[in-house]
Amino acid sequence: MIKLARLMGELEEQIVVCMRCGMCQSVCPLFAATGRESDVARGKIALLDGLLNKMFEDPNGVYERLNKCLLCGSCATNCPSGVKALDIFIKARIILTEFMGLSPAKKLILRGMLSHPGLFDRLLEWGAKFQGLLTKPASDILGTSCSRIASPILNERHFMPLAPVPFHRIVSSMDTPAGSSGIKVAFYTGCLIDKIYPNVAQAALDVFSHHGIGVFIPEGQGCCGIPAVSSGDAGSFERLLRYNIEKYSSAGFDYLVTACATCTSTIKKIWPLMADAGSDNALKSKVEKISGKTLDINQFLVSKIGVKLQDGNKTSDKGDAVIITYHDPCHLKKSLGVSSEPRTLIKTNKDYSFKEMPEADWCCGMGGSFNLQYYEISSGIGKRKSGNIKAAGADVVATGCPACMIQISDMLSRANEKITVKHPIEIYAESIKKG
Ligand code: SF4
Ligand code: SF4
């Protein structure tokens, strides 16, 4: 209750900063898709003015409008008044969820499964074994699947299947000393890379080994908590936060590195935001220490290891080179300001010719649970992205977030495009292997 009152007070202070200028309209991918004022940051902030009264009058209406948001951060990045729109939306979702309670489905997923990392891992391992009964391959090039039967949850989606063996079964833990670089990192795998893209984690380990970087991976990592906090479930978020902090805070390392833009942004921005709202000072200082040492893998390799483009070490201009383009994940460029570093990693690989796509930093439309709840709008935004990838004439599109990889794969697969989707660390690992 004390936490809730504090959040409500903070929310009121942050809301008044909005001048209602409407400049967020031109950058909001949701507004571009729907044209509705209630979908843009200004409309949502106006709704939150006097939240307490509106919560009693029409809690479902407020919840619905607040939930219809990609949490992409484009509004916050471009706001001339510095309105912290994402902080506001997250706090408001928590307040509303405390007031209304979680739906039974979210309770089951967030509190029954996600909050218990060991059980969550086992359930998805079973899912990986039996997924073929309900799904069938859709695109060999992209590795996507689709539903065998009419399904209200999967509908016409082309999704990435669970990997036959998750990364934590390949490497359950690791603790190697710093090598020639003199640097040791803690690697935070993240759920999507662990369970869908273990190849990305393997590429990261290959790169660490090449540069003589020591690696710490604790056994049994938990989810970073973003699905819980974006659903307003502060309890599940805190459980996962405490669980992960215990896994990492006793180990010695220089940086915590992740290859997932969403996990990096959550650890750096949301962990401290939520720890600050509580009264546990010991937790707060542990969170500050870890989030201060957290870096996106592209940023880490360029800024701390010194990966750079040498003369002649740029992508090929040969006619037969594979054309590659890059999509900026919102959580990497808008939230953390990382955009040149993944491009540097990609350009080290001379087998590719890099070509910028139009609107490279326009949101892909994924938005986590937004894609589950508003698939039609999500794919409308996604089609704009796949159109831009095609316009670049790309054979391969790289992006630094596994959630964007899933969304872009869906769009390209449904359009029957022969374009593959990769992570920049895979492109860089390929160049290292070739020498
Ligand atoms: S959120 Fe920022 S950009 Fe949008 S209306 Fe308010 S002040 Fe203007
Ligand atoms: S977070 Fe993204 S989708 Fe949500 S209001 Fe801001 S710009 Fe629009």
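Contact is taken here to mean heavy atoms within 4.5 Å. In the predicted model, this criterion places His-211 against Ser-180, Ser-181, Leu-301, Ile-305, Val-307, Tyr-428 and Ile-432, residues up to four places away in sequence being left out of the count. His-211 itself is found in the loop that links α12 to β5. Its relative accessibility is 18%, and because the limit for a buried residue is under 20%, His-211 is classed as buried. One of the residues touched, Tyr-428, also forms a polar contact with His-211, side chain to side chain, at 2.8 Å.

The two elements on either side of this loop both belong to the surroundings of an open sheet. That sheet consists of 5 strands in the order β3-β5-β4-β6-β7, and its pairing is mixed. Its edges are formed by β3 (174–175) and β7 (294–296), each of which pairs on one side only. Strand β4, residues 184–188, is joined to β5, residues 214–217, by 3 bridges in the parallel sense, with Ala-186 having Phe-216 of β5 as its bridge partner. Helix α14, spanning residues 234–249, packs on the sheet and touches β4, β5 and β6, its direction making about 155 degrees with that of β4. Strand β4 also runs parallel to β6, the two being joined by 4 bridges; here Phe-187 is the bridge partner of Val-257 in β6. From β6 the pairing continues to β7, again parallel, through 3 bridges, and Leu-256 stands opposite Thr-294 of β7. A further helix, α12 (residues 198–210), lies across β3, β4, β5 and β6 (255–258) and runs at about 180 degrees to β4.

A second open sheet contains 4 strands, ordered β9-β8-β10-β11, with parallel pairing. Strands β9 (352–354) and β11 (420–422) are its edge strands, pairing on one side only. On average, and with direction ignored, neighbouring strands of this sheet are turned by 35 degrees against each other. Between β8 (residues 322–327) and β9, the parallel pairing extends over 3 bridges, and Ile-324 has Phe-354 of β9 as its bridge partner. Helix α23, residues 424–434, packs on this sheet, where it touches β8, β9, β10 (396–399) and β11; the helix direction makes about 85 degrees with that of β11.

Antiparallel pairing is seen between β1 (residues 135–139) and β2 (residues 144–147), which are joined by 4 bridges. Within this pair, Lys-136 stands opposite Cys-146 in β2. The hairpin formed by β1 and β2 has 4 residues between the strands, and Gly-143 in this hairpin adopts a positive phi near 75 degrees.

The surroundings of ligand 2 were also examined. The shell around ligand 2 comprises 13 residues, of which Cys-28, Cys-69, Leu-70, Cys-72 and Cys-75 come nearest. Two elements, α2 (29–34) and α6 (74–77), each give two or more residues to this shell. Grouped by class, the shell holds 10 nonpolar residues, 2 polar residues and 1 charged residue.

Terms used
Residues numbered from 1 in each chain as written. Chains lettered and ligands numbered in written order. Predicted model: local features only at pLDDT ≥ 70, side-chain atom pairs only at ≥ 80, totals over all residues. Heavy atoms only, no water. Near = heavy atom within 4 Å. Nonpolar A, V, L, I, M, F, W, Y, C, P; charged D, E, K, R; others polar. Pairing = 2+ DSSP bridges. Axes fitted to C-alpha atoms, helices over the stretch in contact; angles between N-to-C directions. Buried < 20%, exposed > 50% of the residue type's maximum accessible area, 1.4 Å probe, protein only. Polar contact = N/O pair within 3.5 Å; in protein donor to acceptor, adjacent residues only side chain to side chain.
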